[in-house]
Each structure stands twice: as structure tokens, then as C-alpha cells.
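Let's take a friendly walk through a protein model, one part at a time. Have the 3D view open and follow along as you read.

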Amino acid sequence: MSSLYIKIADHNCKIIQVSNEFLPFLLERFPLPDGQVDGPDLNLRINHGYGTPFEDYEVKIIKKEEHVVYLRKDYFIEVDSCFRNATISAYDELALKHALMNLYSSFLLHHNWGLLLHSSCVLDGDQAHIFAGHSGAGKSTAARLSAPRELLSDEATLIKVTGRFIRIYDSPFRSELETAGYKGHAPLSSIQLLFQAKFNERFQVKQSDAFMQLMDKVFYWPYKDDEVVKVLDFLKKIVRDVPVYDLHFQKNNTFWELIS
């Protein structure tokens, strides 16, 4: 095939080579850039048939002189030290999605852009609101109950962090809920830490507690110490600039009365 461009947030990715088995997945999940692309932010080759079916999330990281390698039983990633050129080999579509999340999260950190956060995110008016929590807390449930509000993510939220603002982009890394895809970005207005309950209640969390609660919800695979420092610095700015709440919610849309 000829080269294919896909877009993730601000970044244009040039697919130089892709196995036929994965082409429909990419075209379905990832938007195409608007207009002509002057130059790609990331060049990518994608191969099918590596390894074995998914078993666990453990990733082995090997730092070489000019490359970084990420190994899981169902995928293999090799990316150059500039995080501009990469090859992914994956067992199936699930492995490819996880490999792309791994690569893109590492790309964001390397280029000081922002984070991928394990959460869902919904647009209310022109403001973005994140729903996070432990496994089973209700991230997808809260996102589903937020309809007809625009869904920006249901698994991995794209957060751009700069000295001036924190913004959310539509995420192609979906689990089960699909939308037409939001164009552009929106300011992050709040973060909800979810707890299913009989009554709706919301309490603001101290910055230090919010920081600790969000640390284990960042998708990242650091290959050197300063990558961890970047994650911590991004989180510090997020909890300093954006209010974080414990949200105890019923399984209906009435919890939005506490947010809007």
C-alpha cells in the first residue's frame, strides 16, 4: 500500500507500511489529517502475527544505544531514541491498540506534550470533565450515562499540559464506546474520582491526595528516570490547576447536577 497518514491529537503519524490485517482497524479508529501534511511527527511500520494472545500487561523495556524496545507477549515495539521512527509487530487488534497506547504515551512524555490517563472524559458545553477510579468504579458507566454529551474518551484520556493551559483531545484509544470524534480540544474543568453509591455526593479532594490518587492511573512505561520526573511534574500541574473531587454517584444521569 502507499503511505497512510493518521492523526492523534496534535500529531500526524505516517504509516509507512502496514499489514492488510490491521488496515481496517486503523481506518476505523483513527481520523485522517485535515489537508496536506508538511511532515510527520512519527513514522511507523506495523506488522501482523507477532507473539501469542494476550496474557497480562507486563512490559519488558530494553534500552539500546540508539533504540528503545518494549516487549509484551503479544507485541513488540522498537523506536529510535528521538521517538520519531518506530516499528510495531502485534498478535492481533487488541495487541495493536495496546502497543499504540504504549508507543504514543512514551512519545508524549519524550516530547514534553502531556499524558495518557486511564479514565473516561465527557464534554459538557465547552468544558471537559474526567471520570477516573479503580477498576470497576464506573468510568465507562459514567461516560455512557452522560449522553448526549460528547464523549472524548472511555479508556485513555489525552491530556495536553503546558505552562498556560490543560486541554483534552478526542482519544482514538477506545474500549467500547464510540463517537463521531470531536474536532479540536477543550479545557479540562474537573476530575471526578468515582464511587458507586445510593446517593449523589461530591467532595473536593486536597491536592496532595488527588496527586496520590492519580499517580497509578497514568499510562506510562519509563525507560529512564527523567521520564518518571516528567510524569510527576505533569500531575502536579494538573492537580494544582484543576479541581479534583470524590464523586459518589447513582447509576443514572442525575450526578451531572453536581458537576454542571
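Before we look at how a helix lies on a sheet, one term is needed: contact means that heavy atoms are within 4.5 Å. Keep in mind, too, that this is a predicted model.

**The open sheet and its helix**

Start with the sheet that holds seven strands. Its order is S1-S2-S3-S7-S6-S5-S4, the sheet is open, and the pairing is mixed. Which strands sit at the edges? They are S1 (4-8) and S4 (60-63), each of which pairs on one side only. From one strand to the next, the twist averages 20 degrees.

Now find helix H2, which spans residues 93-110. This helix lies across S1, S2, S3, S5 (67-72), S6 (75-80) and S7 (85-90). Relative to S6, helix H2 runs at about 25 degrees.

**Strand pairs to compare**

Here are three pairs of strands, with the direction of pairing and the number of bridges.

| Strand pair | Direction | Bridges |
|---|---|---|
| S2 (residues 11-18) and S3 (residues 42-48) | parallel | five bridges |
| S14 (residues 185-196) and S16 (residues 244-249) | parallel | six bridges |
| S15 (residues 201-204) and S16 | antiparallel | four bridges |

You can pick out single residues in these pairs. Gln-17 stands opposite Arg-45 in S3. Strand S16 pairs with S14 in the parallel sense and with S15 in the antiparallel sense. Within S16, Leu-247 stands opposite Leu-194, while Asp-246 is the bridge partner of Phe-203.

**A link across the chain**

Side chains of opposite charge can pair when their charged atoms come close. How many salt bridges does the count come to? There are ten salt bridges in this model. One of them joins the side chains of Asp-10 and Lys-160, at 2.8 Å from N to O. This pair links distant parts of the chain, 150 residues apart. Asp-10 is in the loop between S1 and S2, and Lys-160 is in strand S12 (residues 156-161).

**The second largest pocket**

Finally, turn to the second largest pocket, which holds about 350 Å³ of space. Which residues lie nearest its centre? They are Tyr-57, Met-101, His-118, Phe-219 and Trp-221, out of 15 residues that line the pocket. Sorted by class, the lining has eight nonpolar, three polar and four charged residues.

Methods: Residues are numbered from 1 along each chain as its sequence is written. This is a predicted model: local features need pLDDT of at least 70, side-chain atom pairs count only at pLDDT 80 or more; totals for chains, interfaces and linings use all residues. Side-chain values use heavy atoms; hydrogens and water are left out. Two strands pair if DSSP finds at least two bridges between them. Helices (H or I, at least four residues) and strands (E, at least two) are DSSP runs, numbered from the N terminus. Axes are lines fitted to C-alpha atoms, for helices over the stretch in contact, and angles run from 0 to 180 degrees between N-to-C directions. On a 1 Å grid over the protein atoms alone, a cavity is a set of points where a 1.4 Å probe fits but cannot get out, and a pocket is an open set with protein on both sides within 12 Å along at least five of seven lines; lining residues have an atom within 4 Å of a point. Grid points are joined across faces, edges and corners, and a volume is the space filled by probe spheres set on the points. Ala, Val, Leu, Ile, Met, Phe, Trp, Tyr, Cys and Pro count as nonpolar, Asp, Glu, Lys and Arg as charged, and the others, Gly among them, as polar. A salt bridge is a side-chain nitrogen of Lys or Arg within 4 Å of a carboxyl oxygen of Asp or Glu.
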